[in-house]
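Please take a moment with the sequence and the model below before reading on. The paragraphs that follow begin at a single residue and then move outward to its surroundings.

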Amino acid sequence: MEYPQYKPQSDHLPLNDEELSTLDDMLIKLPVEAAMNIEALDGYLVGLLLSPQSLADLPGADWLPTVWGGDGEDLETDSKSENYPFVSGKQRKRVTLLVLRHLQSIEWQLNAKPELWEPIFSVAEDDKGDLVDAEEWAIGFLTAVDLAPEAWAPLFDDAVSGPLLAPIALLGGDESTLSEAQRAQLADLKQKDTLSRAVLDNVLKLWELRKARQG
């Protein structure tokens, strides 16, 4: 299966609410448990953009199929359709183009209008206001990290970038590796809200650090 290469200079028109909803709906209806929802996709794309590994040099086949849970490489050839997990090549193309446009708009906003960038988080209402939950977003971000763990390791260990990545690692990390205190922190909706709200500012700081590293 051939996939397009990421080209930052392509159309960066942000997806409108209807297009985001359509993309989310198309992904969550796929017959693949590992397919991302729109929150995880948003985090995944930001993780790809922040990665020390240049996305422009990464073949589309190395990262795009992860969005929809793979192309069924583990399935018997005669048990999957040519366009698995999509019902048609047209649907695959539509999803691919929407994903690429969302990716390009994120990069453009982070570079040109960082004050306009907003991550896609879950928001719940309670009697004291909105509570933000970035867990799915953080899971998506860490999925991008898993594509190049050796390249990311120095950033997690760094005295500056490490603390900025810490809330993402906590929100999206494997629960079995967490301490009792960390599990309690995530179980407290107020504390989870605080961690989630920190992600936006931290990503913007990480982006500035990335730009500085690139000179």
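In this predicted model, Q185 has a relative accessibility of 23%, and because a residue counts as buried only under 20% and as exposed only over 50%, Q185 is classed as partly exposed. Q185 lies in helix α8, which covers residues 180–187. If neighbours up to four places away in sequence are set aside, Q185 touches L170, Q191, K192 and L195. Its distance to D174, which is 11 residues away in sequence, is 14 Å from C-alpha to C-alpha.

One of the residues that Q185 touches, L170, is also among the buried residues of α7, and this helix is worth following next. Nine of the 12 residues of α7 are buried, so that the helix is mostly covered, and these buried residues pack against α5, α6, α8 and α9. The length of α7 can be checked as well: at 1.5 Å a residue its 12 residues should span 16 Å, and the 17 Å between its end C-alpha atoms agrees with this.

From α7 the path leads to the largest nonpolar core, which has 61 residues and in which W63, W137 and F141 touch the most other members. Among the helices that each supply at least two residues of this core are α5, α7 and α9, while the largest share, nine residues, comes from α2. Around W63, leaving aside neighbours within four places in sequence, the contacts include Y6, Y44, L45, V99 and L147.

How values were computed: Residues numbered from 1 in each chain as written. Predicted model: local features only at pLDDT ≥ 70, side-chain atom pairs only at ≥ 80, totals over all residues. Heavy atoms only, no water. Core = buried A, V, L, I, M, F, W, Y, C linked by side-chain atoms within 4.5 Å. Buried < 20%, exposed > 50% of the residue type's maximum accessible area, 1.4 Å probe, protein only. Helix = DSSP H or I, 4+ residues; strand = E, 2+ residues; numbered from the N terminus. Contact = heavy atoms within 4.5 Å. Expected span 1.5 Å × (residues − 1).
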